[in-house]
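Me: I'd like a close look at one part of this structure: the side chains that show at the surface. Start there, then follow the links inward as far as they go.

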Amino acid sequence: MWIILVLALCGLVAAVPSEDRKLSDKATTLADRSTTLAFNLYHAMAKDKNMENILLSPVVVASSLGLVSLGGKAATASQAKAVLSADKLNDDYVHSGLSELLNEVSNSTARNVTWKIGNRLYGPASITFADDFVKNSKKHYNYEHSKINFRDKRSALKSINEWAAQTTDGKLPEVTKDVEKTDGALIVNAMFFKPHWDERFHHKMVDNRGFMVSRSYTVGVPMMHRTG
């Protein structure tokens, strides 16, 4: 079974624990591997001259690979772990470490952020996910599972985008514009990330100031400023 990976609206989230919590050695190791993977992926994507904006969430990419290694057969699982530079680590170490890391960075209360993330694995009606896989993917990676008719592209797109919109409270109404016809499975991650100010700006501290688009062209835009 081959898998297409769709990354949707991923903010670059640093794997730093909240003040009162210390990550385990497993989670720390996987955080380092995830960050390295994200930078390698970024450099590879940046070589495409048609690529403009690149936003990656290391923990989302890593947890998706963890899911692949969890459900894949020997060769597929080994390849997924190798991409994560975790091929020398045993399976329990990888899954429990990524699970802790994912839970830590998605703790919106401890981090004073708005974080809405949904993970879903879509499979064609012709396949059935193994019970153990469904149970463990929910346990470690908080994945939902759904069957979909990939050959009906319009219906598939509607279903996926409606799920993404619901998961992010409407912040992400369209996660993809295309779905390939496939007999495999599709991983979809939908995420909305918004950090909050420790000290919010008062609206009176915002006024219009000049922003230089070029040396000869300036426009007025609202800017925040304060002294002291």
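Reply: First, a word on labels: helices (H or I, at least four residues) and strands (E, at least two) are DSSP runs, counted from the N terminus. By that rule, Met-224 belongs to strand β6, which covers residues 217-224. Keep in mind that you're looking at a predicted model.

So what does Met-224 do at the surface? Together with Trp-197 and Val-206, Met-224 makes up a nonpolar surface patch, and the three add up to about 300 Å² of accessible area. Met-224 has a relative accessible area of 46%, and because anything from 20% to 50% counts as partly exposed, that's its class.

Lys-194 gets much the same kind of label: partly exposed, at 45%. You'll find Lys-194 in strand β4, residues 185-195. Setting aside neighbours within four places in sequence, its contacts are Val-113 and Thr-114. Val-113 is 81 residues away along the chain, yet its C-alpha sits 5.7 Å from that of Lys-194.

Now for the charged pairs. In general, side chains of opposite charge can pair when their charged atoms come close. Searching the whole structure turns up eight salt bridges. Let's walk through a few.

Take Lys-158 and Glu-162: their side chains form a salt bridge, with 2.6 Å from N to O. Both residues are in helix α7, four residues apart, which is about one turn of the helix. Lys-158 is exposed at 52% relative accessible area, while Glu-162 is partly exposed at 44%.

Lys-153 is also in helix α7, and its partner is in the loop between α7 (153-167) and β4: Asp-178, so this pair ties together parts 25 residues apart in sequence. The N to O distance here is 3.1 Å. Asp-178 is partly exposed at 45%, and so is Lys-153 at 34%.

Which pair takes us over to helix α1? That's Lys-26 in α1 and Asp-92 in helix α4, 66 residues apart, linking distant parts of the chain. Their closest N and O atoms are 3.7 Å apart, and since the cut-off for a salt bridge is 4 Å, the pair makes the list. Lys-26 is partly exposed at 29% relative accessibility, and Asp-92 is partly exposed too, at 48%.

From Lys-26 we can head inward along α1. This helix runs over residues 25-46, 22 residues in total, and stretches 32 Å from first C-alpha to last, close to the 32 Å you'd expect at 1.5 Å a residue. Its buried residues are Ala-27, Thr-29, Leu-30, Ala-31, Ser-34, Leu-37 and Ala-38. What sits over them? The cover includes α2 (58-71), α3 (74-83) and α4 (91-105). So α4, the helix that holds Asp-92, turns up again as part of that cover.

That brings us to the largest nonpolar core, which has 20 residues; Leu-67, Leu-84, Leu-98, Leu-121, Tyr-143 and Ile-187 are the ones touching the most other members. At least two core residues come from each of α1, α2, α4, α6 (131-141) and β4. The top contributor is α2, with five. And β4, where we met Lys-194 at the surface, is also one of the elements feeding this core.

Note on methods. Residues are numbered from 1 along each chain as its sequence is written. This is a predicted model: local features need pLDDT of at least 70, side-chain atom pairs count only at pLDDT 80 or more; totals for chains, interfaces and linings use all residues. Side-chain values use heavy atoms; hydrogens and water are left out. Patches are made of residues with over 30% relative accessible area and no salt bridge: like charges are joined within 9 Å, nonpolar side chains (Val, Leu, Ile, Met, Phe, Trp, Tyr) within 5 Å. Accessible areas come from the Shrake-Rupley method with a 1.4 Å probe; for residues, only the protein chains shown count as cover. Buried means under 20% relative accessible area, exposed over 50%, partly exposed in between (1.4 Å probe, protein chains only). The expected span of a helix is 1.5 Å times one less than its number of residues. Contact means heavy atoms within 4.5 Å. A nonpolar core is a set of buried Ala, Val, Leu, Ile, Met, Phe, Trp, Tyr and Cys residues joined through side-chain atoms within 4.5 Å.
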